[in-house]
Amino acid sequence: MATLGIPRNTIEILQKYHFNFQKKFGQNFLIDPTVLDRIIRAARITKEDCVLEIGPGIGTMTQYLAESAGSVVAVEIDQNLIPILKETLAEYDNVSIINDDILKVDLNKIVEEKNGGRPIKVVANLPYYITTPIIMGLFEKQVPLQSITIMVQKEVADRMQVGPGTKDYGALSLAVQYYAKPEIVANVPPNCFIPRPNVGSAVIRLTKYEQPPVTVRDVDRMFAIIRASFNQRRKTLVNGLGNAPELGLSKERVAHALEEMQLSPTVRGEALTLAQFARLSDLLGEM
Ligand code: SAM
């Protein structure tokens, strides 16, 4: 089978199967061998690795992964792509395809079956409409993994990487940075895809921490506080958290905790570091 990273080969296979792109599935296929090489290198894949690919499309990146990894499991929602994948991946015996929705499959079970429960690496050119639920699902369900190397919308990559005091800083930044070290490894323009997306893209590697960088007594409470803080971004924490019914906190209690932390009573969530959210969560839990 010819290498699909070359645009001519991609177009040939799409025409052969009369494939129609489905916008609702976020289908933008990579057609740039340099970018594909860059993703594989950034993911630091060896023959020891089992790789989970989310949304293999016609199998372009899957071919690269099959060459460099020990084994590859690829989960693809669009059943029209399954016969194409059978053809494009026919020469690899280390690839298994699962025709399902990545948000519905039991990933812990897949890792158990395919890699004896040992940590996997996730590599994907993600469908952008479900970037956040995919990433949060991988972390929150505690899927055993070493790293996640993904193509995402440029703006979302920025959000994952930034710290306090910037406009992109928010609940996604804090969630990603609690679980992993984020590094943007490449910026990718729209002309590297077919069809072209109308946004810029970036490849980001999230290297999972063995231990989170901060300790907090109740992780769920901390993330509930973080979500409430950024739901009402322009409000002070005293007003935002004091008015959030799901937290059951009074304004006085929030003000008291902020005072204990020597923070201004008018501080907003966007100014707090992850360590400060952890401390605030512990203090509010104690009171
Ligand atoms: N990996 C291919 C490439 O780089 O050329 C395709 C990437 S394309 C951006 C995203 C892929 O994810 C598509 O093949 C799409 O059908 C698939 N997809 C969309 N939603 C999905 C879901 N919920 N579960 C699994 N795959 C999904």
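A polar contact is a pair of N or O atoms within 3.5 Å; within protein, one must be able to donate a hydrogen and the other to accept it, and residues adjacent in sequence count only if both atoms are side-chain atoms. The model in view is predicted: local features need pLDDT of at least 70, side-chain atom pairs count only at pLDDT 80 or more, and totals for chains, interfaces and linings use all residues. Residues are numbered from 1 along each chain as its sequence is written, and side-chain values use heavy atoms, with hydrogens and water left out.

**The ligand**

Select the ligand and then E53, which has a polar side-chain atom 3.4 Å from a ligand nitrogen. Add Q27, where a polar side-chain atom lies 2.9 Å from an oxygen atom of the ligand. At I77, a backbone N or O atom is 3.3 Å from a ligand nitrogen. The protein buries 99% of the 590 Å² that the ligand exposes when taken alone (accessible areas by the Shrake-Rupley method with a 1.4 Å probe). Next, display the 23 residues around the ligand, of which G55, E76, D101, N125 and Y129 come nearest (a heavy atom within 4 Å).

**From D101 to K104**

Keep D101 selected and add K104: their side chains meet in a salt bridge, N to O 4.0 Å (a side-chain nitrogen of Lys or Arg within 4 Å of a carboxyl oxygen of Asp or Glu). D101 is buried at 17% relative accessibility, whereas K104 is exposed at 67% (buried is under 20% relative accessible area, exposed over 50%, partly exposed in between; 1.4 Å probe, protein chains only).

**Strands β3 and β4**

Move to strand β3 (residues 71-76) and strand β4 (residues 95-99), which run parallel and are joined by five bridges (strands pair if DSSP finds at least two bridges between them). Helices (H or I, at least four residues) and strands (E, at least two) are DSSP runs, numbered from the N terminus. Select V75 to find its bridge partner in β4, I98.

**Further salt bridges**

The structure holds twelve salt bridges. Select K154 and D158, whose closest N and O atoms are 2.7 Å apart. The two are four residues apart in helix α7 (residues 154-161), and therefore separated by about one helical turn.

Finally, select R205 and E183, a salt bridge with closest N and O atoms 3.3 Å apart. R205 lies in strand β9 (residues 201-208) and E183 in strand β7 (residues 180-188), so the pair ties together parts 22 residues apart in sequence. Add K181 to complete one network of salt bridges that share partners, joining K181, E183 and R205.
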